[in-house]
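Visitor: I should like to go through this model with a guide. Please take me from the helix packing to the core and then to a loop.

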Amino acid sequence: MAAHTGIAGIRGDAAAEPASATPKWAGLAWALLILNTLGSTGAKTVIPLPRSVSQLVTMGSLMTAFVIALVLNKHLRIRPSAYLLLLTFLLGSSVLASIDLKEGAGALFRCFRLTVFVSTLWLLTRWWDGGFSFVRYHIRTYAIVLASVAIGLVVSPGNAMPEEYGGRLSGAVWPLTPPQIGQYAAVISGLTLLLWFGRRTTWRSAVFIVVPVVGLLMLTHTRTATLGLIAGLAVAFLSMLLTSARARKVFAWTVGVGGVAGVVLAGALQTWFLRGQSADNFSSLTGRAKVWDALLEAPRTTSEYIFGVGLTDKSYDGLPIDNSWLAIYHEQGFVGIALVAGFLLTLVVVAVLRPPSLARACAIFLITYCISASYTEAGLGDASPYLLHLAVAASLLVRGVPESDEQAFIPAKGTGT
């Protein structure tokens with residue numbers, strides 16, 4: 001069979017995979033959910049885009065995604081999901097914390113957004129079957145987003161790498177910050193590499209996506225995304241070492257080549273990692289630690305300790321919190337922390353208990369990435385790309401992976417591949 005290249009090549013070999021029962025419109029609904037989580041703030045764009053317009057687009061995409069999912073699943077057939085059940089409890093807790101309007105009417109609007117977001121995910125669970133449909137939707141949509149970033153870099157380098165972000169790559173077509181771009185690049189490059197490893201896509205398709213995407217990641221100078229990518233892939237491959245000779249070979253080569261490259265390029269890597277920051281700025285995590293200290297030292301009522309102050313824009317005293325756990329503590333209290341820790345722990349336990357497969361490896365990569373990024377990025381407690389990454393992981397961990405998927409991943413005895 002002729003090889004496919006580019007994004008379409010993510011389909012892989014059709015002879016090795018049964019036709020998916022997931023309707024194409026579900027892919028559109030997923031793409032619209034991703035569009036909703038892109039946000040509406042960032043660098044200056046080539047064509048001035050008023051924030052009210054971008055907010056209208058993102059909120060409109062969420063409502064459209066819900067309508068599409070509802071039409072596709074008009075009989076409301078859903079799959080049980082511990083992840084979404086705990087996320088629904090988190091939504092209820094957020095409404096209770098926001099209803100007194102301590103954070104203004106915006107808190108209730110964010111609760112409404114989260115309600116529609118979670119409801120759409122529930123409607124799409126009908127097609128969560130342990131297959132790779134939603135992985136492909138994820139890769140393709142974020143690849144299109146990153147293509148717009150690359151276009152902005154070519155058309156207007158000044159807007160794409162502005163001084164306000166220290167010359168780091170940002171979105172010049174759609175307002176995207178460097179950490180956002182780094183996150184999207186890390187996730188789709190990691191997933192694409194795993195699909196290539198599991199023979200679900202060709203090496204040409206993998207190179208077509210991974211090489212430019214990793215290049216964009218490097219231009220963002222995003223340490224969180226880079227370390228998350230490395231940690232996610234390391235844990236994913238470690239989960240396969242006992243059952244796959246190919247995984248052992250790839251892991252050994254990666255460690256060997258990575259070690260040599262680390263020694264040879266130590267100076268360049270240190271320069272890239274520090275981003276020209278002073279020791280004091282680096283030790284305070286670019287000022288994050290000061291915001292965290294102020295947040296933790298602020299007086300709170302018993303109710304705020306338990307349920308939080310309600311959903312906010314993930315900032316404290318006008319500065320971004322940039323830590324999922326502290327943002328949850330601030331907005332949803334200890335109840336929120338318990339619920340988020342609960343659905344993360346549930347996903348980890350289910351992934352560990354599942355038999356080795358490519359689907360499990362992809363899920364482990366996504367879970368590891370989200371956990372590692374939670375220290376310096378907010379998003380686990382509200383509608384965000386992180387909740388979508390975890391939703392993809394949950395869809396991969398559903399029982400009933402087609403037998404051909406397992407056979408494509410685990411080589412036959414004696415093949416040595």
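Visitor: In which kind of crossing, left-handed or right-handed, does helix 5 pass helix 7?

Guide: The model is a predicted one. The axes of helix 5 (residues 133-155) and helix 7 (residues 178-197) come within 9 Å and cross at roughly 135°. Helix 5 is therefore oblique to helix 7. As helix 5 passes helix 7, the crossing is left-handed.

Visitor: How many residues of the contact of helix 5 with helix 7 are nonpolar, polar and charged?

Guide: On the helix 5 side the contact includes Val135, His138 and Tyr142, and on the helix 7 side it includes Ile181, Thr192 and Leu195. The residues of this contact divide into 14 nonpolar, two polar and no charged.

Visitor: Which helix gives the largest share of the largest nonpolar core?

Guide: The largest nonpolar core has 99 residues, and Tyr83 and Phe343 are among those with the most contacts inside it. Setting aside neighbours within four places in sequence, Tyr83 is in contact with residues including Phe343, Leu347 and Leu387. Twelve residues of the core, its largest share, come from helix 16 (residues 358-373).

Visitor: Why is Pro356 classed as partly exposed?

Guide: Pro356 sits in the loop between helix 15 (324-353) and helix 16. Its C-alpha atom is separated by 9.0 Å from that of Leu242, 114 residues apart along the chain. Buried means under 20% relative accessible area and exposed means over 50%. Pro356 is partly exposed because its relative accessible area is 24%.

Terms used:
Residues numbered from 1 in each chain as written. Predicted model: local features only at pLDDT ≥ 70, side-chain atom pairs only at ≥ 80, totals over all residues. Heavy atoms only, no water. Axes fitted to C-alpha atoms, helices over the stretch in contact; angles between N-to-C directions. Helix = DSSP H or I, 4+ residues; strand = E, 2+ residues; numbered from the N terminus. Parallel < 35°, antiparallel > 145°, perpendicular 65-115°, else oblique. Left-handed = near helix turned anticlockwise from the far one by under 90°. Contact = heavy atoms within 4.5 Å. Nonpolar A, V, L, I, M, F, W, Y, C, P; charged D, E, K, R; others polar. Core = buried A, V, L, I, M, F, W, Y, C linked by side-chain atoms within 4.5 Å. Buried < 20%, exposed > 50% of the residue type's maximum accessible area, 1.4 Å probe, protein only.
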